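Visitor: I'm new to this one and would like a close look at a single part of it. Could you walk me through it slowly, in plain words?

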Amino acid sequence: KKASIGVTGLAVMGRNLARNLARHGHTVALHNRSEERTRALVDQFGDEGDFIPAYSAQEFVDALERPRQVVIMVKAGAPTDAVIDEFAPLLEPGDVIVDAGNAHFADTRRREAALREQGLHFVGTGVSGGEEGALHGPSIMPGGSPESYQSLGPLFEDISAKVDGSPCCTHVGADGAGHFVKMVHNGIEYADMQLIAESFDLLRGAAGYSPAEIAEVFRTWNTGRLDSYLIEITADVLAHVDASTGKPFVDIVADQAEQKGTGRWTVQIGLDLGVPISGIAEAVFARSLSGSSELRSAARDLGGPTRAPLADVSGFADKVEQALYASKVVAYAQGFNQIQAGGAEYGWDIDLGRVAAIWRGGCIIRAKFLNDITSAYEAEPGLPTLLTSGGFRKAVEEAQDAWRSVISTAVSLGIPTPGFSTALAYYDGLRADRLPAALVQGQRDFFGAHTYRRVDREGSFHTAWAEPGRPEVSA
Ligand code: 6PG
């Protein structure tokens, strides 16, 4: 019997994907650079399903039924290229290579184009949900050709998370679309985490709650519109007590957030596309600031406000919930606009409502909230921003007084809330009737003759600033 799919790269993510496939009744060929991992998988989990261990690339390829489907799960970058170079020559036209790692979508586009020349389908796919997700049902975001999805889709839909019976997997779009969408998922993940962290910081710094009390606040929030995996695990992290010191776990962890790079990519691409994803950018910068140890120690004694924390904390947690909710809507609105812009730039036909739907389960940002995003795009596929869709508009309008008041409190107490603040600035910027961008245009024209457009006439204009009377000319 041949295998319907093979997995090469059997570190924890690859191993768990292979086990998930086998547990769903698919025969899975296994391969790893060093043989031990392959043997260990079969020894430990061989009874979970049908595995065909292979100890060379040729053996692995020979174990697969056609069209062959090879899933690569190795480190992004050079290791991925090395594995592709090893397998591509052994495959035949129509076969499918899947890169399930966190590759940069530009690499995926390059690889897809090169392999297409050889008649191979290359599918860059986002997989979210960490180790547990890979084993029990991740959210899967495959790109690549529609043909490749005909054979791959049923397998991936089978092993993905399910919400209300629908699989958290869809063909996102051609070539690098899957990895692009996964990248933005991670950017949104950074923003969401930052906003939750700011909520914690405010509840502690402004209202004086303990981590254990804040865990309870989050548990309550998790029964409402903020119901999400990230809120749920935050409560668990905050309730955890360090065994060796008896202190709250959150107090013994070094306060320097690390990053592997996908959030940074999201911001870099956001800049390239000209999409204001300020919430995601602030989240990445907040991690960078936290990690700037020398800068932080040099600045530690800078003066701050002398105000005391809130005397009356009643209602404050509820206001923070509203600020968090409104800021979260902004961060997601920005992320979805980035996907829309990426789709337009690279010619992908991405259904934003479907993207939200496959993020409802399996992935790190899974949340009830995503149902509302799906509904918003279903009701209005050309929606310019989630903020103007009926439900979100109303909820954010209702939350805005609390949102503003929480940020004022943070500012007056000197508690940094870059995520909340930038989200509100974005909201107010979009709402503004006139922006001071007009003045910026005037400045540009003054020092560089960069020209400007007028509100009352077509064309480009320049004012001769140095001449008497400052006459205007058509540029
Ligand atoms: C997921 C996660 C996953 C990974 C992040 C962590 O969707 O399963 O996003 O891809 O845990 O990349 O990223 P940082 O190390 O950059 O925080």
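Visitor: With which side chain does the side chain of Asp 428 make a polar contact, and at what distance? Once that's settled, please take me through the surroundings of the ligand, where I'd like to linger.

Guide: Let's take your warm-up first, keeping in mind that what you see is a predicted model. The partner you're after is Arg 431: its side chain and that of Asp 428 make a polar contact at 3.0 Å. You'll find Asp 428 in helix α19, which covers residues 418-431. Asp 428 counts as partly exposed, because its relative accessible area is 22%.

Now for the ligand. A total of 15 residues surround the ligand, and the closest are Ser 128, Glu 189, Tyr 190, Lys 260 and Arg 287. Sorted by class, this shell has 9 polar residues, 4 charged ones and 2 nonpolar ones. If you want one element to keep your eye on, pick helix α8, residues 177-205: with 5 residues, helix α8 gives the largest share of the shell.

Zoom in on the oxygen atoms of the ligand and three residues come into view. The side chain of Asn 102 has an N or O atom 2.9 Å from a ligand oxygen. The side chain of Lys 182 also places an N or O atom 2.9 Å from an oxygen of the ligand. With Gly 130 the backbone takes part, since one of its N or O atoms lies 3.2 Å from a ligand oxygen. As for how well covered the ligand is, on its own it would expose 420 Å², and the protein buries 80% of that.

Lys 182 deserves a longer stop. UniProt lists Lys 182 and Glu 189 under "active site", in an unreviewed entry. Lys 182 sits in helix α8, and Glu 189 is in helix α8 as well. Is Lys 182 buried or exposed? Lys 182 is buried, because its relative accessible area is 6%, and the cut-off for buried is under 20%. Setting aside residues up to four places away in sequence, Lys 182 touches Asn 102, Gly 126, Val 127, Ser 128 and Met 141. You've met two of those names already: Asn 102 has the side-chain atom 2.9 Å from a ligand oxygen, and Ser 128 is among the residues closest to the ligand.

Glu 189, the other residue on the UniProt list, is also one of the closest to the ligand. Glu 189 counts as buried because its relative accessibility is 14%. With residues up to four places away in sequence left out, Glu 189 touches Leu 230, Ile 364 and Ile 365.

Before leaving helix α8, look at what leads up to it. Asp 175 lies in the loop between β9 and α8. This aspartate has a positive phi of about 30° although it isn't a glycine. Asp 175 is buried, because its relative accessible area is 14%. Asp 164, in the loop between β8 (162-163) and β9 (166-167), also has a positive phi, near 50°, without being a glycine. Its surroundings are another story: Asp 164 counts as exposed, because its relative accessibility is 70%.

To put helix α8 on the wider map, turn to the record again. An unreviewed UniProt entry places the domain "6-phosphogluconate dehydrogenase C-terminal" at residues 178-466. That stretch is 64% helix and 1% strand, and its end C-alpha atoms are 53 Å apart.

One more residue to visit is Gln 334, which you'll find in helix α15, residues 316-346. Gln 334 counts as buried because its relative accessibility is 0%. Its side chain makes a polar contact of 2.9 Å with the side chain of Ser 278. Apart from neighbours within four places in sequence, its contacts include Val 275, Pro 276, Ser 278 and Tyr 426.

Last, a way to get a feel for distance. Gly 77 is in the loop between β4 (69-72) and α4 (78-87). From the C-alpha atom of Gly 77 to that of Leu 230 is 28 Å, with their positions 153 residues apart along the chain. Leu 230 is the residue you saw touching Glu 189, so to speak a signpost back to where we lingered.

Terms used
Residues numbered from 1 in each chain as written. Heavy atoms only, no water. UniProt positions renumbered as here; feature names shortened; annotations may be inferred. Helix = DSSP H or I, 4+ residues; strand = E, 2+ residues; numbered from the N terminus. Near = heavy atom within 4 Å. Polar contact = N/O pair within 3.5 Å; in protein donor to acceptor, adjacent residues only side chain to side chain. Areas by Shrake-Rupley, 256 points an atom, 1.4 Å probe, with all protein chains shown as cover. Nonpolar A, V, L, I, M, F, W, Y, C, P; charged D, E, K, R; others polar. Buried < 20%, exposed > 50% of the residue type's maximum accessible area, 1.4 Å probe, protein only. Contact = heavy atoms within 4.5 Å.
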